[in-house]
Amino acid sequence: MSFAPVMTPLQALPPNPDEDALLREYYRLASLYLSSAGTGAIVSAPAPGAAAPAVVQPGSGSVVKKCRPRSSELVRVSSLGVRDQIYFRDLVRRARITFECLRGLLLRDDERAESLGLGGVAGYGGGGDRRRVRADLRAAALMADHDLWLNRDRRIVGSMPGISVGDAFFFRMELCVLGLHGQVQAGIDYVSAGRSASGEPIATSIIVSGGYEDDDDRGEVLVYTGHGGRDPNLHKQCVDQKLEGGNLALERSMAYGIEIRVIRAVKSRRSPVGKVYFYDGLYKVVDYWLDRGKSGFGVYKYKMLRIEGQEPMGTVNYRIAEQLKVDVFAVRPTGYLSFDISMGRELLPVALYNDVDDDRDPLLFEYLARPIFPTSAVQGKFAEGGGGCDCSENCSIGCNCAGRKGDEFAYDKTGVLLRGKPLVYECGPHCRCPPSCPNRVSQKGLQHRLEVFRSRETGWGVRSLDLIKAGTFICEFSGIVLTQQQSEIVAANGDCLVRPNRFPLRWLDWGDISDVNPEYVAPDYPALSELNFAIDVSRARNVACYFSHSCSPNVFVQFVLFDHYNASYPHLMIFAMENIPPLRELSIDYGMVDEWVGKLTM
DNA sequence: GTATTATCATGATT
DNA sequence: CAATCATGATAATA
């Protein structure tokens, strides 16, 4: 293998006798993401049009979970080269997609089952006692069954390969699956005494959720409260805490100088559970003492300092972005060239910011929120593909648009794309359904506050003030659409053309749960016509033009039809393929990086 | 090995 | 909408 990360045993602890085995073990887990390792125990049969569950779970109770023997050594992963970083980033993204899409499918199946149950058909006699198990837990359990958890042994100390400071997560279970924090509820994660080489518990990560009244969080300096001593129902201290479990582990980590991963919870409207977790980087415990808490009972307190030289904290970026939305000048008194380059053409303003140099280029172009298609391409094309639907209410499974060609509904009820497809048919102006129909997502325009900004590294770039949830729509790629014939003439004059067929098929990755269920394949997708058109962005363009290129991108292009049904001229809709925290640069895979990318972004 | 306990979660309900 | 309840999974410990 070409990548070779350096994994060093911790200096303060006894040397690790079997480092090679650890490496192999980590790569074994890692490689499971790359090969389809499904055992076939989980199978579904998606019948066209039928409400077949996407994921069938094995009967509970009959499955015996295998526990592999665990190594007792701590590992620190460091000195990753650029290639390794991309490799692990992709690995983590794949795990996150698997988790998120499994969860989405399980929720959808629940809803289907529920709506069928309410239909009042015979079969379920009497008992409406169908308790729902949480989808996040089921998704994690399925991934565990297939050995798809990263850092399963929770031995990695320090930063996790593939996870960056500032990354955002919506579920505790997601943190478990990725190995960032292995406790479902507990705030302190540690290697237990029995599994540690020195026979002492060692803390590796904590979550600061604001649930302990004695916490004192000042960002770089954090005084964290130990756990225990609380009434399980009232969440109030009722006895003195003891120096055991996680409390002892934090003390031991301080003694050994071991860094602690810190994850903070922030309230957020955009989260399904009202909370979002940010990875804020590594801290060191510098002091600890037994104190009298506000309750009057003894609590342990740990003073932690953030290690310097790390990327900005996710929670800090979040707060900056929140304030930018309210009072721009309080945060950035200068640098804004425009507060809305769309001049009101988008649903939300798109700001232009440059505190790097004198470039004002984006101001020179006409802002075109929607692409203009050639009349020959769209005229009289409304009836192609069966026309619109006649649903009188919000569309669902049986709808002509959603179920086109035996396909399934593209979005969940919150507008998250369930799975990438060659072509998504949304309901459009020729459908009877109301605007609130859940099958109208990308046509509604911007839902996140975006800004175009100048950076020394990537030229012009785009970032969001809002946290963008994986699978949600971001914006369309706009410009003047040219037929193949027109584009050849324009290209000869050296103008900037975006060619849709150059984009790698990244939509294939979104919704891919083949690691868990190899049988869950797409039903007969209609073959996508060859896309020979081009988009001229030399005079008119929108915010999408300023996305930076990356071969490990955080957004992707999904082709969509809704206003006309000419499959040769779909809309280029951009969706998030991971949770994108506020102020993080959006990046897209343009495929071959040729001259026009340079022209557009530099 | 199994049972017990603790745990800064979720989702639905009040 | 906040507080509350029921249910849940995991891992550490006994």
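Here are two short exercises on this predicted model, with worked solutions.

**Exercise 1.** Work out how the open sheet of 4 strands is ordered, and why strands S15 and S18 each have one side without a neighbour in the sheet.

*Solution.*
- Start with the order: the strands run S15-S24-S25-S18, and the pairing is mixed.
- Now look at the edges. S15 (424-425) and S18 (473-476) each have a single partner strand, so one side of each is left without a neighbour in the sheet.
- Zoom in on S18: with S25 (residues 571-576), S18 pairs in the antiparallel sense over 3 bridges.
- For a residue to click on, try Phe473, whose bridge partner in S25 is Phe575.

**Exercise 2.** Describe the protein surface near DNA strand B, then find which polar contacts reach its bases.

*Solution.*
- Begin with the head count: 22 residues surround DNA strand B, and the closest are Arg172, Ser209, Tyr212, Gly228 and Val273.
- Sort these surroundings by type, and you get 8 nonpolar, 8 polar and 6 charged residues.
- Next, place them on the fold: strands S8 (221-225) and S10 (275-292) each supply at least two residues of this surface.
- Switch to the DNA side. Of the atoms of DNA strand B within 4 Å of the protein, 61% belong to sugar or phosphate, and the rest to bases.
- Finally, go after the bases. An N or O atom in the side chain of Ser209 is 2.7 Å from a base oxygen. At Gly210, a polar backbone atom sits 3.3 Å from a base oxygen. Tyr224 has a polar side-chain atom 3.4 Å from a base nitrogen.

Note on methods. Residues numbered from 1 in each chain as written. Chains lettered and ligands numbered in written order. Predicted model: local features only at pLDDT ≥ 70, side-chain atom pairs only at ≥ 80, totals over all residues. Heavy atoms only, no water. Pairing = 2+ DSSP bridges. Near = heavy atom within 4 Å. Polar contact = N/O pair within 3.5 Å; in protein donor to acceptor, adjacent residues only side chain to side chain. Nonpolar A, V, L, I, M, F, W, Y, C, P; charged D, E, K, R; others polar.
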